[in-house]
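Colleague: Before I rely on the labels attached to this model, I would like to hear the reasoning behind some of them.
Modeller: Then let us take them one at a time, with the structure in view.

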Amino acid sequence: MYKHLSPDITENFFEVVKKRRAIRKYKQYDIPKEDLEKMFEAARLAPSTENSQPWRFVIVKDQKTKELLAKPYFQNRTFLTQPFIADANAIVVVLGDSSSSCCPRQTWITRDPLIATEHLVLAATALGYGTCWIANYESRPKEWIDEVKKTLKIPEHMHIIVLVAIGIPDENPPPRPRKSLQEICFEEAYGNPLKFH
Ligand SMILES: Cc1cc2nc3c(=O)[nH]c(=O)nc-3n(C[C@H](O)[C@H](O)[C@H](O)COP(=O)(O)O)c2cc1C
């Protein structure tokens, strides 16, 4: 019989995964550098295509910059706004390096930073922080992306992949629904339900 890691490690891992929620309301708090270091260390250890590590992270705590990241905008005649971005204790701007030699293709510079981002999110959860992925910037006007890149001094070859809001949770939302294992896991062929018992 295969010997698992210690039950503590396994249980703690699942506790963290289950505890994570998208949190959109935060208490005022200045996240200490040692906590940020742990989150970024988790991101740093993520796997990547040919170990290319084409990710960079800019942490933003400055209120004016957070407001820029939260700036409302029009899309299809709808006014889109996510004001909670400006209230987060910090925003991590996740970047993908398009000059990475092994990863010139758009999918790769996106995929690897996203893997690292989930490492960061789970580490933040394990430390007691709430997080929220923010990807809606993709449809943002080019002027906004240019302004963010200029403000944060992001080089041309670095692409903004996603933002992550981090903070002390000021809400406790229930788990959001998920598809069942039967709906998403198959055995040997698609559609053949994987039976666990
Ligand atoms: C790639 C990605 C992009 C997301 N973008 C946003 C966003 O722009 N705004 C937002 O409020 N939530 C965003 N979310 C959070 C999702 O809405 C949330 O994860 C989902 O509803 C499931 O809820 P849970 O995270 O609490 O389990 C995003 C999540 C992911 C993974």
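Colleague: Why is Phe13 called partly exposed?
Modeller: In this predicted model, the relative accessible area of Phe13 is 46%; buried means under 20% and exposed means over 50%, so Phe13 falls in between and is called partly exposed. Phe13 is found in helix α1, which covers residues 7-19.

Colleague: What makes Phe13, Phe14 and Val17 a nonpolar patch?
Modeller: A patch takes residues with over 30% relative accessible area, and nonpolar side chains are joined within 5 Å. Phe13, with its 46%, passes that first cut-off of over 30%, and together with Phe14 and Val17 it forms a patch on the surface with about 280 Å² of accessible area.

Colleague: How do you know that Arg178 makes a polar contact with the ligand?
Modeller: An N or O atom in the side chain of Arg178 lies 2.8 Å from an oxygen atom of the ligand, and because a polar contact is a pair of N or O atoms within 3.5 Å, this pair qualifies. By that cut-off, a backbone N or O atom of Ala135, 3.2 Å from a nitrogen atom of the ligand, also counts, as does a polar backbone atom of Trp133, which is 3.3 Å from a ligand nitrogen atom. Taken alone, the ligand exposes 620 Å², of which the protein buries 66%.

Colleague: Which strand gives the most to the shell around the ligand?
Modeller: Strand β6, residues 130-134, does so with three residues, while the shell by class has six nonpolar, two polar and five charged residues.

Technical notes: Residues are numbered from 1 along each chain as its sequence is written. This is a predicted model: local features need pLDDT of at least 70, side-chain atom pairs count only at pLDDT 80 or more; totals for chains, interfaces and linings use all residues. Side-chain values use heavy atoms; hydrogens and water are left out. Patches are made of residues with over 30% relative accessible area and no salt bridge: like charges are joined within 9 Å, nonpolar side chains (Val, Leu, Ile, Met, Phe, Trp, Tyr) within 5 Å. Accessible areas come from the Shrake-Rupley method with a 1.4 Å probe; for residues, only the protein chains shown count as cover. A salt bridge is a side-chain nitrogen of Lys or Arg within 4 Å of a carboxyl oxygen of Asp or Glu. Helices (H or I, at least four residues) and strands (E, at least two) are DSSP runs, numbered from the N terminus. Buried means under 20% relative accessible area, exposed over 50%, partly exposed in between (1.4 Å probe, protein chains only). A polar contact is a pair of N or O atoms within 3.5 Å; within protein, one must be able to donate a hydrogen and the other to accept it, and residues adjacent in sequence count only if both atoms are side-chain atoms. Ala, Val, Leu, Ile, Met, Phe, Trp, Tyr, Cys and Pro count as nonpolar, Asp, Glu, Lys and Arg as charged, and the others, Gly among them, as polar.
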